[in-house]
Amino acid sequence: MKFKKAFLFFLLGSMAIIAWVGYRAYTRTNPDLGKVKADFTVSAEGLIAAFEKNDSSANKQFMGKTIEVSGILKKMSKDDAGDYSLAIGDSSSMAAVRCSVDSNHRADAALLRENTSVTVRGSCTGFNKDELGLGSEVILNRCVIIKK
Amino acid sequence: MRKLILLFISFSIMAAAGLQAQGKFYTKTGRISFYSSTAMENIEAINKSVVTLLDSKTGDLQFVVLVKGFEFRKALMQEHFNKEYAETDIYPRAEFKGSISNNASINYAVNGKNNVTVKGKLTIHGVTKDVETTGTIEVKDGKPVIHSVFNILLADYKITIPRLYRDNISSTIRITVDGSLEPLK
């Protein structure tokens, strides 16, 4: 009888733990990159040059990684939904690092000014080659502002 | 004489606005979101770095989007989307190349909302299909704002949903496209 009870407790406990682990995994959200250590720290020009030189090897190196990028904020825009997008890089070039700012960090982005230096941390989602004549761009998502 | 000068200036401004209105427009911060609805759950993802180019003279319209840039609320969904469904390491880009069928009826120099029909080729997951959809181009202060909502069948683009998840993911996905375009100088 005692053994049966203990077994039942063990079974229910195990099921509860499995359910909890499964639920946590299922509802997990992407981490705030302000709390994540960068895999790479580079200048905007350096990152663009790496992709323009050999996008296939740069993809292998940077894709999906957390990257901290510094450079001049060439252009900043805010869309109708209130989200900010930053173009960082050399003002004389059409190429840029395009940072889509994490919506939880809009207030930090609002304080930025164009033509000043900035450091952001974001997750690299790839490289848009200049096929439409608009300039190539390295894309970073979920960006947070590190230095204004 | 003064009136004549004023008239000349007004004409010059209108001509300059007209010239700008008949050029190319672009954005690199367009938005594409998709939505799947089933009895089990709703799935939504958004990409905020869509490159869009519109030639207002010809009506040619292009979109390019890096598929890995779609953000989901749940990280696990995003991982499954990239690895198992969209296979973004193999097919990193989706694109649309087409034109506005009724472009001649749009006056890009005048504020207002225009209903449009767009035809072209949509490439997703390495598969290119002919598509035709409707939408709007609203001209606001000489800048076009585009909006369109349409559905695609995942099977058309050879995206297979494992049997285990068929109750969670709809076979039809609703796609919403938005972009506020700037004149290309």
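Where in chain A is the place of Thr29(A)? In this predicted model, Thr29(A) sits in the loop between α1 and β1 (40–43) of chain A. The surroundings of this residue offer a starting point for reading the rest of the structure.

Thr29(A) has 11 other C-beta atoms within 10 Å, and a residue counts as exposed if that number is 12 or fewer; Thr29(A) is therefore exposed. Once its neighbours within four places in sequence are left aside, Thr29(A) is in contact with Arg73(B), Lys74(B) and Ala75(B).

The helix α1(A) comes before this loop and covers residues 2–27 of chain A. From its first C-alpha to its last, α1(A) reaches 37 Å, close to the 38 Å expected for its 26 residues at 1.5 Å a residue. The helix is hardly covered, as the count of buried residues in α1(A) is zero.

The domain assignment of chain A places residues 1–30 in domain 1 and residues 33–147 in domain 2. Taken over C-alpha atoms, the centres of domain 1 of chain A and domain 2 of chain A are separated by 43 Å.

The contact between the chains can now be considered. Chain A contributes 20 residues to the contact, and chain B contributes 20 residues. On the side of chain A that touches chain B, at least two residues come from each of α1 (2–27), β4 (96–101), β5 (117–128) and β6 (137–147). By character, the residues on this side of chain A comprise ten polar, five nonpolar and five charged.

How values were computed: Residues numbered from 1 in each chain as written. Chains lettered and ligands numbered in written order. Predicted model: local features only at pLDDT ≥ 70, side-chain atom pairs only at ≥ 80, totals over all residues. Contact = placed C-beta atoms within 7 Å. Helix = DSSP H or I, 4+ residues; strand = E, 2+ residues; numbered from the N terminus. Nonpolar A, V, L, I, M, F, W, Y, C, P; charged D, E, K, R; others polar. Domains from an automatic or database assignment. Expected span 1.5 Å × (residues − 1). Buried ≥ 20, exposed ≤ 12 C-beta atoms within 10 Å, placed from the backbone.
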